[in-house]
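Student: Hey, I've just opened this one and don't know my way around yet. Can we go through it together?
Tutor: Sure, pull it up and ask away.

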Amino acid sequence: MPKVTAETTVRRDGPVPDRHPRPTGTGHGTGRETIRNAAMELFHRRGFHGTSIRDIARDAQLTPASIYHHFLSKQHILQDIMDSVLEDVIHLTHAAVRVENSPTDQLEALMRAWALFHTSRSVEALIGASEIRSLDEAGRRTVVALRDQQEQLFRDVIDRGVREGEFATRYPREAARAIINMGYSIASWYRPGGDLTPGEMADRYATLALGMVRTEPTTF
């Protein structure tokens, strides 16, 4: 079965490339990148409400006034992080699907991209899940719309597989959501250097996703 190729921007065993590159250290990169990087680490450790602009400025080695030169508020920093991570994963998953033909190959490629993303971008993924409650109304609407766009891709692939007889599930919508959540959960527990590489983990999760849609649900 074809695998995701390098042209899809998804690497088999390495970290998922970031279309919005960020430095690994808070003291490097542009001011905006440095602020985002410091804020991500703090939001992950302390939560949005437990982090102040002064905290972000300290870890970014900037003054609080410098923060406001790049972002209007702490809320805008969170919004920027959440929007960009969703845009990145949408870009990667759509690219993975485009290079495949059959629904089976598309779902395998889609799940591999989804799993790889959550092994290499776990901090951002966890912030995206835990801090949506901290967004203002307008920001929440934007994030929900992006999430819906991502879910729709899974649903489109699975619906097509059902129509063409490759998938047997009677519950395509629920299957899509279960597969999405299964992949997302990787971010909460996966640690580099474990028994499985990101690529091996992605292969296993792709197999699990295909098993979920190929089998007729048991009726109790």
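Student: Where is Thr-169 placed?
Tutor: Thr-169 sits in the loop between helix H7 (137-163) and helix H8 (172-184). Keep in mind that this is a predicted model.
Student: Okay, and is Thr-169 buried or exposed?
Tutor: Buried, with a relative accessible area of 6%. The cut-off for buried is under 20%, so Thr-169 makes it.
Student: What does the side chain of Thr-169 reach?
Tutor: The backbone nitrogen of Tyr-171, at 3.0 Å.
Student: And Gly-165, where does that lie?
Tutor: Gly-165 is in the loop between H7 and H8. Gly-165 is exposed, at a relative accessible area of 59%. Its C-alpha is 9.7 Å from the C-alpha of Pro-103, and these two are 62 residues apart along the chain.

Student: Let's zoom out. How many helices and strands does the protein have?
Tutor: There are 10 helices and 0 strands. Going from the N terminus, the elements read α-α-α-α-α-α-α-α-α-α.
Student: How much of the protein counts as buried?
Tutor: 48% of its 220 residues.

Student: Pockets next. What volume does the largest pocket have?
Tutor: About 400 Å³. It is lined by 19 residues, and those closest to its centre are Leu-86, Trp-114, Arg-147, Ile-180 and Tyr-184.
Student: Which helices supply at least two residues of that lining?
Tutor: Helix H4 (74-98), helix H5 (103-120), helix H6 (122-130), H7 and H8 each do.
Student: And what's the lining of the largest pocket like by class?
Tutor: It's a mix: 10 nonpolar, 4 polar and 5 charged residues.
Student: You listed Tyr-184 there. Where is Tyr-184 placed?
Tutor: Tyr-184 is in helix H8. With 25% relative accessibility, Tyr-184 counts as partly exposed. From C-alpha to C-alpha, Tyr-184 and Leu-126 are 8.7 Å apart in space, with their positions 58 residues apart in sequence.

Student: Switching topic: how many aromatic pairs does a search of the whole structure find?
Tutor: It turns up 3 aromatic pairs. One of them is Trp-114 with Phe-154, whose ring centres are 5.6 Å apart.
Student: Why is the pair of Trp-114 and Phe-154 edge-to-face?
Tutor: Because their planes are at 75°, and planes over 60 degrees apart count as edge-to-face.
Student: Which parts does that pair tie together?
Tutor: Trp-114 lies in helix H5 and Phe-154 in helix H7, so the pair ties together parts 40 residues apart in sequence.
Student: Is Trp-114 buried or exposed?
Tutor: Trp-114 is buried, with a relative accessible area of 8%. Phe-154 is buried too, at 0%.
Student: Okay, what about Trp-189 and Tyr-190, what do they form?
Tutor: An aromatic pair that is edge-to-face, with 6.1 Å centre to centre and 70° between the planes. Trp-189 is partly exposed, with a relative accessible area of 40%. Tyr-190, at 5% relative accessibility, counts as buried.
Student: And Lys-74, which ring does it lie over?
Tutor: Lys-74 lies over the face of Phe-48, 4.2 Å from the ring centre.

Student: Next up, backbone stuff. What phi does Gln-61 have?
Tutor: A positive one, about 60°, although Gln-61 is not a glycine.
Student: Why do you point that out?
Tutor: Because most residues other than glycine have a negative phi.
Student: Where is the place of Gln-61?
Tutor: In the loop between helix H2 (53-60) and helix H3 (64-70). Gln-61 is exposed, with a relative accessible area of 62%.

Student: Last one: where is Arg-140 found?
Tutor: In helix H7. Arg-140 is partly exposed, at a relative accessible area of 32%. The C-alpha atoms of Arg-140 and Met-82 are separated by 9.8 Å, and the two residues are 58 residues apart along the chain.
Student: Thanks, I'll go and find these on the model now.

Conventions:
Residues are numbered from 1 along each chain as its sequence is written. This is a predicted model: local features need pLDDT of at least 70, side-chain atom pairs count only at pLDDT 80 or more; totals for chains, interfaces and linings use all residues. Side-chain values use heavy atoms; hydrogens and water are left out. Helices (H or I, at least four residues) and strands (E, at least two) are DSSP runs, numbered from the N terminus. Buried means under 20% relative accessible area, exposed over 50%, partly exposed in between (1.4 Å probe, protein chains only). A polar contact is a pair of N or O atoms within 3.5 Å; within protein, one must be able to donate a hydrogen and the other to accept it, and residues adjacent in sequence count only if both atoms are side-chain atoms. On a 1 Å grid over the protein atoms alone, a cavity is a set of points where a 1.4 Å probe fits but cannot get out, and a pocket is an open set with protein on both sides within 12 Å along at least five of seven lines; lining residues have an atom within 4 Å of a point. Grid points are joined across faces, edges and corners, and a volume is the space filled by probe spheres set on the points. Ala, Val, Leu, Ile, Met, Phe, Trp, Tyr, Cys and Pro count as nonpolar, Asp, Glu, Lys and Arg as charged, and the others, Gly among them, as polar. Rings of Phe, Tyr and Trp (its six-membered ring) pair if their centres lie within 6.5 Å; planes under 30 degrees apart count as stacked, over 60 as edge-to-face and the rest as tilted. A charge sits over a ring if NZ of Lys or CZ of Arg is within 6 Å of the ring centre and within 35 degrees of the ring normal.
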